[in-house]
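Trainee: Could you walk me through this one? I have not looked at it before.

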Amino acid sequence: MVEKMNAALRAVSPSGIRKFTALAKAEPDCLSLTIGEPDFNTPDPIKEATKAALDQNLTHYPPGVGERYLLERIARFELEKNGVSYQPEEIIVTNGATEGLYLALRGILNPGDQVIVPTPAFGLYEPLVTLSQGVYVPMDTCGDRFQLTAQNLSRHLTDKTKAILLNSPNNPTGSVYSLQSLENVYHAVKDRDIFVLCDDVYAQLIYAPYQSFSRYQGLRDRIILIQSFSKPYAMTGWRMGYLCADRPVIEQLAKLHSYTVVSAVSFLQKGCAVALDYDPAEMVKAYRRRRDYAYDRLCRMGLPVEKPGGAFYLFPSIQRYGLDSESFCLRMIKEGKLAAVPGSCFGAEGYIRLSYCYADDELAAGLDRLEGFLQTLPQK
């Protein structure tokens with residue numbers, strides 16, 4: 001009966017990141033630098049607030065879009081931290097950024113609508129566009145040092161373009177879009193009915209000057225901002241995030257949210273409110289130190305790589321070894337006892353993604369293995 005199931009669902013593939021993580025676990029003595037998950041635990045004040053919420057029996061249905069106190073706290077956070085103004089009525093508390101992305105794409109796309117996605121890009125985007133009956137339009141930025149040029153945008157815009165999806169800091173490259181890149185997007189969409197989806201889940205994990213496209217509040221009727229508690233507060237297992245948009249848009253997306261998940265978990269919302277008062281500076285300091293160490297190691301290995309401006313990923317080129325990225329990563333698991341994620345999982349052949357959100361000794365050991373593996377490979 002599988003052939004009778006939804007054709008779009010059958011057309012999408014399982015996560016490549018999960019695939020290579022599983023292969024690493026199945027290989028004896030293999031280290032893994034695949035998963036983008038903080039090695040820190042959720043800070044105690046966040047956990048304590050959530051425990052207290054359970055003791056207060058906050059286990060009943062919350063308002064569908066989120067508890068008022070959390071919506072107000074998110075609105076204040078976005079204004080104070082990012083300089084963007086959203087009212088509580090323009091916010092939905094979601095089950096992670098993944099649900100936020102799904103709501104945005106499913107909510108705006110009609111069959112055949114096109115979504116421009118700068119690549120390299122997180123592997124989740126293409127399946128979500130496909131499942132939402134849209135057309136995924138990859139826009140290769142590798143030749144522009146992962147930035148967005150006016151010429152590249154112009155080549156990909158059509159009368160069927162419904163949205164541009166931006167992820168900055170970027171997964172998998174760690175690149176932060178420059179102000180010029182954001183200006184190029186602004187000029188590309190300002191006179192067109194095109195949504196701009198801002199996947200800003202790494203916005204607090206930055207080491208370089210940063211601006212979100214959401215700063216262009218003159219276009220707020222077409223901006224949808226997606227955020228997550230997972231990365232900055234080490235809350236990946238909580239599956240909590242939020243979505244901000246102009247009120248007429250959010251009212252439509254709230255219907256989809258209610259028919260998909262009803263609401264986010266009631267007692268977890270207390271912890272999320274406390275998280276927005278928590279300063280992740282010590283975590284960022286650790287990630288910056290690891291970035292500098294790993295970047296320096298890769299440069300000394302002779303791997304071309306852009307220095308990340310945020311997040312916790314490095315995306316070095318392996319093109320000089322003459323292997324496609326999947327073959328490279330499969331061989332590295334077997335021969336080098338180290339797992340990374342092929343660039344093909346992000347729409348960018350000839351690269352691999354390494355995560356540096358691992359303990360210092362584990363990161364060092366993984367890079368030692370990478371260096372040893374490279375020494376066994378001939379170069380073109």
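Trainee: What is the bridge partner of Thr94 in β8?
Mentor: Thr94 has Gly241 as its bridge partner there, and β2 and β8 (residues 241-245) run antiparallel, joined by four bridges. Strands here are DSSP runs of E with at least two residues, and helices are runs of H or I with at least four, both numbered from the N terminus. This is a predicted model, in which local features need pLDDT of at least 70 and side-chain atom pairs count only at pLDDT 80 or more, while totals for chains, interfaces and linings use all residues. Residues are numbered from 1 along each chain as its sequence is written, and side-chain values use heavy atoms, leaving out hydrogens and water.

Trainee: And what is the strand order in the open sheet?
Mentor: The seven strands follow the order β2-β8-β7-β6-β5-β3-β4 with mixed pairing, where two strands pair if DSSP finds at least two bridges between them. Because β2 (91-94) and β4 (135-140) each have a single partner strand, they stand at the edges with one side lacking a neighbour in the sheet.

Trainee: Switching topic, how many salt bridges are there?
Mentor: There are 26, each being a side-chain nitrogen of Lys or Arg within 4 Å of a carboxyl oxygen of Asp or Glu. One of them joins Lys19 and Glu326 at 3.0 Å, N to O. Lys19 lies in helix α2 (residues 16-26) and Glu326 in helix α12 (residues 325-336), so this pair ties together parts 307 residues apart in sequence.

Trainee: Is Lys19 buried or exposed?
Mentor: Lys19 is partly exposed, at 41% relative accessible area, and so is Glu326, at 28%; buried means under 20%, exposed over 50% and partly exposed in between, with a 1.4 Å probe and protein chains only.
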